[in-house]
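Subject: Structure handover

Hi there,

Here is the structure I promised to pass on. Have a look at it first, and then read on for what turned up in it.

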Amino acid sequence: MSLKHPAPPAPSKAAGPGRPKDLGKRASILDAAKRLFIEQGYQGVSMDQIAAAAGVSKLTVYSHFGDKETLFSEAIAAKCREVLPDDLFVSPPEGPLREQLRAIGHAFFALITSEEAISMHRMMNTPGTAENALRELFWNAGPRRVQEVFAQFLQARVAQGQLRVDDVALAASQFFSLLKGELHPMMACGLCVAPGPSEVARHIDATVDFFLRAYAA
């Protein structure tokens with residue numbers, strides 16, 4: 001007859017003093033993941049590489065993010081929040097609605113035309129480098145999140161009587177599509193370099209004016 005030994009007790013989680021250190025490691029992992037995913041693509045990066053670049057063990061990476069897909073999604077979302085923080089939509093700059101939309105437009109355009117974003121866009125559109133599931137992860141963590149938060153911004157302005165919009169989700173999609181314009185696809189195709197500040201300002205001003213002509217109350 002065999003004897004069953006009781007299972008060893010689960011290790012207790014570190015208390016208070018270890019919390020800031022854990023947050024620091026998480027930030028280091030995210031920074032390393034953002035850089036490596038953009039430089040080498042999703043398939044070209046291993047969790048071992050990310051751990052080494054972050055200066056932590058692979059076990060620490062898994063303890064914070066669970067798997068590679070989750071880490072990729074979190075890295076994309078973190079990059080979006082760097083340039084388009086949630087408080088830009090919740091508590092936008094003071095001033096008229098047009099100035100608020102201009103501020104959001106400048107932040108969004110800076111994000112999508114950054115070297116990192118262009119590299120990620122090319123990677124996602126290169127056959128054989130990303131599966132549909134990976135593209136969906138990218139879409140949900142980046143573009144979809146930004147559009148949903150901006151739709152909430154628009155809905156608040158509708159409630160205030162500043163805008164008249166029947167479908168805020170559609171209007172949000174239209175705004176960001178207008179901001180991409182011709183410049184973004186041309187940059188993604190390598191047909192032009194990043195525009196200068198005056199050209200960007202002219203493009204964003206025209207986009208905001210066009211949007212307000214359609215939806216201003």
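Let me start with Asp 209: this residue is partly exposed, with a relative accessible area of 28%. Before going further, please keep in mind that this is a predicted model.

The side chain of Asp 209 meets that of Arg 98 in a salt bridge, at 2.8 Å from N to O. Asp 209 sits in helix H12 (residues 197–215) and Arg 98 in helix H6 (residues 97–112), so this pair ties together parts of the chain that are 111 residues apart in sequence. Arg 98 is partly exposed too, at a relative accessible area of 28%.

Arg 98 has another partner. It forms a salt bridge with Glu 99, where the closest N and O atoms are 3.4 Å apart. Glu 99 has a relative accessibility of 32%, so it counts as partly exposed. If you colour the charged side chains in your viewer, look for the wider group here: Arg 98, Glu 99, Arg 102, Asp 205 and Asp 209 are linked in a network of salt bridges.

How many salt bridges does a search of the whole structure find? The total is eight. One that you can find in another helix joins Lys 34 to Asp 31, with the closest N and O atoms 3.4 Å apart. These two residues are three apart in helix H1 (residues 19–40), which means that about one helical turn separates them. Is each partner buried or exposed? Lys 34 counts as buried, because its relative accessibility is 12% and the limit for buried is under 20%. Asp 31, at 43% relative accessibility, counts as partly exposed.

Back to helix H6, which also packs against a neighbour. The axes of helix H4 (residues 68–83) and H6 come within 9 Å and cross at roughly 135°. The two helices are therefore oblique to each other, and H4 passes H6 in a right-handed crossing. On the H4 side, the contact is made by Lys 79, Cys 80 and Val 83, and on the H6 side by Ala 107, Ala 110 and Leu 111. Sorted by type, the residues of this contact divide into five nonpolar and one charged, with no polar ones.

To recap, H6 appears here twice: Arg 98 of H6 pairs with Asp 209 of H12, and Ala 107, Ala 110 and Leu 111 of H6 take part in the contact with H4.

Happy browsing, and all the best!

Note on methods: Residues are numbered from 1 along each chain as its sequence is written. This is a predicted model: local features need pLDDT of at least 70, side-chain atom pairs count only at pLDDT 80 or more; totals for chains, interfaces and linings use all residues. Side-chain values use heavy atoms; hydrogens and water are left out. A salt bridge is a side-chain nitrogen of Lys or Arg within 4 Å of a carboxyl oxygen of Asp or Glu. Helices (H or I, at least four residues) and strands (E, at least two) are DSSP runs, numbered from the N terminus. Buried means under 20% relative accessible area, exposed over 50%, partly exposed in between (1.4 Å probe, protein chains only). Axes are lines fitted to C-alpha atoms, for helices over the stretch in contact, and angles run from 0 to 180 degrees between N-to-C directions. Angles under 35 degrees count as roughly parallel, over 145 as roughly antiparallel, 65 to 115 as roughly perpendicular and the rest as oblique. A crossing is left-handed if the near helix is turned anticlockwise from the far one by less than a right angle, and right-handed if clockwise. Contact means heavy atoms within 4.5 Å. Ala, Val, Leu, Ile, Met, Phe, Trp, Tyr, Cys and Pro count as nonpolar, Asp, Glu, Lys and Arg as charged, and the others, Gly among them, as polar.
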